[in-house]
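Me: I've got a model open at the bench and want to go through one of its helices with you. Can we start with the side that faces out?

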Amino acid sequence: MALKRGLSSVGVHRNRSSGSRFPIVILVLFSVLAPLVFFVGRGLYIPDQNGYTKQNVDWRERLALESIRNLFTKEVIDVVTTSTADLGPLSLDSFRKGNLSASWKVIGIETSVEDDATSQSNQKATDLKQEMSQIKEGRLLDDDHSSDTPAKTIRRQLRDNRRAKRAAELVQQDNEAILKLENAAIERSKAVDSAVLGRYNIWRREFENDNPDSTVRLMRDQIIMAQVYVSIAKMKNKLDLQQELQIRLKESQRAVGESTVDADLPHSAPEKIKAMGQVLSKAREQLYDCKFVIGKLRAMLQTSEEQVRSLKKQSTFLSQLAAKTIPNAIHCLSMRLTIEYYLLPIEKRKFPGSENLENPNLYHYALFSDNVLAASVVVNSTIMNAKDPSKHVFHLVTDKLNFGAMNMWFLLNPPGKATIHVENVDEFKWLNSSYCPVLRQLESASMKEYYFKADNPTKSASSNLKYRNPKYLSMLNHLRFYLPQVYPKLNKILFLDDDIVVQKDLTGLWSVDLHGKVNGAVETCGESFHRFDKYLNFSNPHISRNFDPNACGWAYGMNMFDLKEWKKKDITGIYHKWQNMNEDRTLWKLGTLPPGLITFYGLTHPLEKSWHVLGLGYNPSVDKKEIEHAAVVHYNGNMKPWLELAMTKYRSYWTKYIKYDHPYLRSCNLTLGHWNELTNCMNVNL
């Protein structure tokens with residue numbers, strides 16, 4: 001009993017002691033945490049503007065500070081201090097002033113912060129503007145950095161970091177928004193229907209893809225297949241399907257018309273394609289037979305190839321005809337001048353300066369032409385660019401038909417102080433068939449058949465129409481091989497074609513040393529088709545034994561001939577020899593360049609290329625700088641400057657030497673407007 005009483009007293013004592021310890025622990029915690037909360041709320045440091053210093057801090061606050069420093073590290077204290085420095089001591093006033101973050105909600109306060117997305121963004125933008133304005137104006141919270149404490153410095157750095165981070169976030173958001181807008185604009189632009197933009201600007205449908213004619217080609221393919229199925233339907237007596245195919249075929253043909261690109265098709269083209277596709281699908285189900293389709297397509301292909309060959313041959317003939325036909329205006333000029341010449345008294349038909357015609361000390365030119373206007377351009381351009389025109393002598397030779405016109409033109413338009421003389425090739429009695437092989441060959445039956453029998457079925461008659469040019473019947477073209485016979489008293493002479501224009505003084509050519517050669521010419525072997533193997537038949541042993549197929553060719557049109565060396569080497573005799581050997585035209589085709597290459601082989605001195613630039617009658621890509629720096633430009637080829645075929649980009653070099661105000665030119669409508677009309681016609685045709 002006593003033992004139980006003692007044990008119970010011990011238990012009671014223990015319970016009392018444990019009950020008395022709990023309030024003590026609470027008291028200790030309160031005494032420690034209360035100052036902590038107080039000083040955290042009020043700030044670990046009292047602002048200087050309130051008149052407090054560290055020496056005046058109450059001893060209780062010092063004790064609380066010591067306790068806090070023992071419980072937390074310095075980094076934690078600095079973070080807490082910095083977090084509250086901008087807002088000041090925590091109090092209800094701070095809630096009313098709206099200084100808390102927008103994520104806080106204070107119930108019962110009228111000025112609570114709105115938590116919707118719009119208020120948050122507006123508040124952040126306002127804060128950022130205020131901070132940036134403060135930075136720009138230099139009015140930061142801590143103006144005097146010299147007296148800053150370490151805690152203030154840390155606070156300022158953390159504030160700056162937060163501001164920079166926030167600014168970067170806003171910039172990133174702006175960039176993302178701009179990128180989204182750009183992507184949306186690109187997507188909208190892709191959805192724009194280009195057909196609405198019209199066909200009269202750069203946004204035409206033909207610029208949308210790499211194949212602007214894909215729809216046109218599709219419709220043409222459908223037309224071809226429809227033609228195939230029409231014939232098969234007729235063979236298999238499918239009259240209804242044949243009629244339906246013919247209807248769709250006509251619709252598609254009308255829709256395509258002359259269109260070459262999709263932009264030229266009518267708006268109904270897609271409907272026509274769809275309708276045709278349906279009919280073709282139906283025809284394929286009922287009529288498709290591989291053998292029939294292949295046979296029909298092969299027949300259509302052969303027919304098309306035959307048509308192309310025929311049109312090509314016709315085009316070649318017409319181009320040659322157009323190139324060698326004198327325009328009506330020039331023919332009119334020649335007829336008017338001829339009439340006026342034969343109305344003149346005989347004593348007025350003579351040119352002055354006849355004493356200069358055989359003077360070897362002057363600069364002599366040989367020009368053989370039946371075109372009055374072309375000859376006038378050659379003479380005018382030479383005189384206008386000559387340093388001393390009085391020392392230049394022009395020897396013109398023409399045919400009987402144009403003799404009066406050529407004389408009359410230069411009687412009315414004398415070349416200044418220069419000397420000019422016109423002769424008729426038909427009056428050269430020594431130039432006959434017994435002496436000249438070409439004249440004898442032209443009188444042969446085979447040559448007449450070659451030129452005048454249009455339906456000649458032989459291979460020689462149908463091969464290469466350009467060599468059947470009627471100009472080869474004229475001795476004016478072959479007279480260049482008889483220069484010493486025409487001008488026996490001269491030592492040197494410059495030969496000029498009538499399709500050239502002189503742009504510089506040419507007297508320097510007379511001082512060029514030909515090194516014993518006869519012919520001074522510009523070589524043209526820079527291009528493969530100007531080598532000997534392109535002009536001569538090297539399968540013939542006479543050619544292969546005597547000439548190099550890779551030898552450089554040269555150009556007629558501007559050639560300096562040494563007539564003394566010509567006579568020594570008997571150039572005319574060499575020409576006669578080879579011309580007699582080519583009576584059957586097995587060594588070369590007709591023309592004067594191939595026999596010229598043979599006759600002057602090894603006897604030609606190359607001149608600088610700037611003396612003579614060729615290609616203005618066939619090559620549209622002659623360098624403009626080469627043309628402007630050339631002494632002579634040559635319209636060799638079919639596109640002569642006086643024809644409609646001429647390339648307009650080169651015509652001005654020729655037309656500037658024509659006197660458009662001349663009454664004879666005006667009466668025959670040979671004016672600058674005439675050439676402009678030709679240019680416009682060519683542009684329309686193109």
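Reply: Sure. This is a predicted model, where local features need pLDDT of at least 70, side-chain atom pairs count only at pLDDT 80 or more, and totals for chains, interfaces and linings use all residues. Residues are numbered from 1 along each chain as its sequence is written, and side-chain values use heavy atoms, with hydrogens and water left out.

Me: Which residues of α9 are exposed?
Reply: Helices here are DSSP runs (H or I, at least four residues), numbered from the N terminus. Exposed means over 50% relative accessible area, buried under 20%, and partly exposed in between (1.4 Å probe, protein chains only). On that footing, the exposed ones are Pro270, Glu271, Lys274, Gln278 and Glu285.

Me: And within what arc do the buried residues of α9 fall?
Reply: The buried set is Ala269, Ile273, Ala275, Met276, Val279, Leu280, Ala283 and Leu287. The arc is taken from the directions from the helix axis to the C-beta atoms. Those buried residues line one face of α9, because looking down its axis they fall within an arc of 165°.

Me: What helps cover the buried residues of α9?
Reply: Contact means heavy atoms within 4.5 Å. The cover includes α7 (214–235) and α8 (239–256).

Me: Is Tyr288 buried, exposed or partly exposed?
Reply: Tyr288 sits in the loop between α9 and α10 (290–324). Leaving out residues up to four places away in sequence, Tyr288 touches Tyr229, Ala283 and Val293. Its relative accessibility is 40%, so Tyr288 counts as partly exposed.

Methods
Helix = DSSP H or I, 4+ residues; strand = E, 2+ residues; numbered from the N terminus.
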